[in-house]
Amino acid sequence: MIYIVLISFLLLLTFFSNKRNDNLFFHIGFFCVFVIIAFRDYKIGANDTYNYVRYFIGKQSYYNEDSREFEAGFVIYNSIVKFFTSTGYGYIFINTLVS
């Protein structure tokens with residue numbers, strides 16, 4: 001439901017857009033999309049997000065049972081993020097900032 005409201009709001013902004021206030025509408029739209037993505041629950045969306053967060057916070061998940069080693073970049077990235085936060089919501093927020 002929130003996605004339909006967000007897309008409708010962004011479409012409405014494009015109708016009121018002109019050269020004078022394009023930058024303002026871009027920032028408003030960017031902020032709306034950022035808030036929706038950064039503050040969502042990690043159980044919403046693809047199953048991968050849920051498993052990545054569970055691996056990050058140390059709970060059992062599919063990725064913990066895998067006997068293969070992880071890529072070095074992924075392990076380093078998780079270590080850096082763990083320096084700033086240890087919660088799943090913080091993990092999603094930082095991933096949103098990075099991407």
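## Phenylalanine 9 and its surroundings

Once its neighbours within four places in sequence are set aside, phenylalanine 9 is in contact with Ile28 and Cys32. In this predicted model, phenylalanine 9 belongs to helix 1, which covers residues 2-15. A further link in space concerns glycine 29, which lies 20 residues from phenylalanine 9 in sequence and 8.4 Å from phenylalanine 9 in space, as given from C-alpha to C-alpha.

Is phenylalanine 9 buried, exposed or partly exposed? Its relative accessibility is 35%, and because buried means under 20% and exposed means over 50%, phenylalanine 9 counts as partly exposed.

## The protein as a whole

The protein has six helices and zero strands, and from the N terminus on its elements therefore read α-α-α-α-α-α. Of its 99 residues, 26% count as buried, while the protein exposes about 7500 Å², with carbon and sulfur atoms supplying 66% of that area.

How much of the contact pattern joins residues at least 24 apart in sequence? When contacts between residues at least 6 apart in sequence are considered, 46% of them join residues at least 24 apart.

## Helix 3 against helix 6

Two packed helices are described by the angle between their axes and by the distance between those axes. For helix 3 (residues 47-57) and helix 6 (residues 88-98), the angle is about 120 degrees and the axes are 9 Å apart, and the crossing of helix 3 and helix 6 is right-handed. On the side of helix 3 the contact is made by Thr49, Tyr52, Val53, Phe56 and Ile57, and on the side of helix 6 by Gly88, Tyr91 and Ile92. These residues divide into six nonpolar, two polar and no charged.

Which residues of helix 3 are buried? They are Thr49, Asn51, Val53, Arg54 and Phe56. Thr49, Val53 and Phe56 are thus named both among the buried residues of helix 3 and among the residues that make the contact with helix 6. An α-helix has 3.6 residues a turn, so residues three or four places apart point the same way. Just after helix 3, glycine 58 takes a positive phi of about 90 degrees.

## Aromatic pairs

The structure holds six aromatic pairs. One of them joins phenylalanine 34 and phenylalanine 93, whose ring centres are 5.7 Å apart and whose planes stand at 75 degrees, so the pair is edge-to-face. This pair links distant parts of the chain, since phenylalanine 34 is in helix 2 (residues 22-38) and phenylalanine 93 is in helix 6, 59 residues apart. Phenylalanine 34 is buried, because its relative accessible area of 17% falls under the 20% limit, whereas phenylalanine 93, at 27% relative accessibility, counts as partly exposed. Ring pairs also link Phe30, Phe34 and Phe93 into a cluster.

Tyrosine 52 and phenylalanine 74 form another aromatic pair, which is tilted, with 5.8 Å from centre to centre and 55 degrees between the planes. This pair, too, links distant parts of the chain, with tyrosine 52 in helix 3 and phenylalanine 74 in helix 5 (residues 72-84), 22 residues apart. Tyrosine 52 counts as partly exposed at 34% relative accessibility, and tyrosine 52 is also one of the residues through which helix 3 makes its contact with helix 6.

Definitions and conventions. Residues are numbered from 1 along each chain as its sequence is written. This is a predicted model: local features need pLDDT of at least 70, side-chain atom pairs count only at pLDDT 80 or more; totals for chains, interfaces and linings use all residues. Side-chain values use heavy atoms; hydrogens and water are left out. Helices (H or I, at least four residues) and strands (E, at least two) are DSSP runs, numbered from the N terminus. Buried means under 20% relative accessible area, exposed over 50%, partly exposed in between (1.4 Å probe, protein chains only). Contact means heavy atoms within 4.5 Å. Axes are lines fitted to C-alpha atoms, for helices over the stretch in contact, and angles run from 0 to 180 degrees between N-to-C directions. A crossing is left-handed if the near helix is turned anticlockwise from the far one by less than a right angle, and right-handed if clockwise. Ala, Val, Leu, Ile, Met, Phe, Trp, Tyr, Cys and Pro count as nonpolar, Asp, Glu, Lys and Arg as charged, and the others, Gly among them, as polar. Accessible areas come from the Shrake-Rupley method with a 1.4 Å probe; for residues, only the protein chains shown count as cover. Rings of Phe, Tyr and Trp (its six-membered ring) pair if their centres lie within 6.5 Å; planes under 30 degrees apart count as stacked, over 60 as edge-to-face and the rest as tilted.
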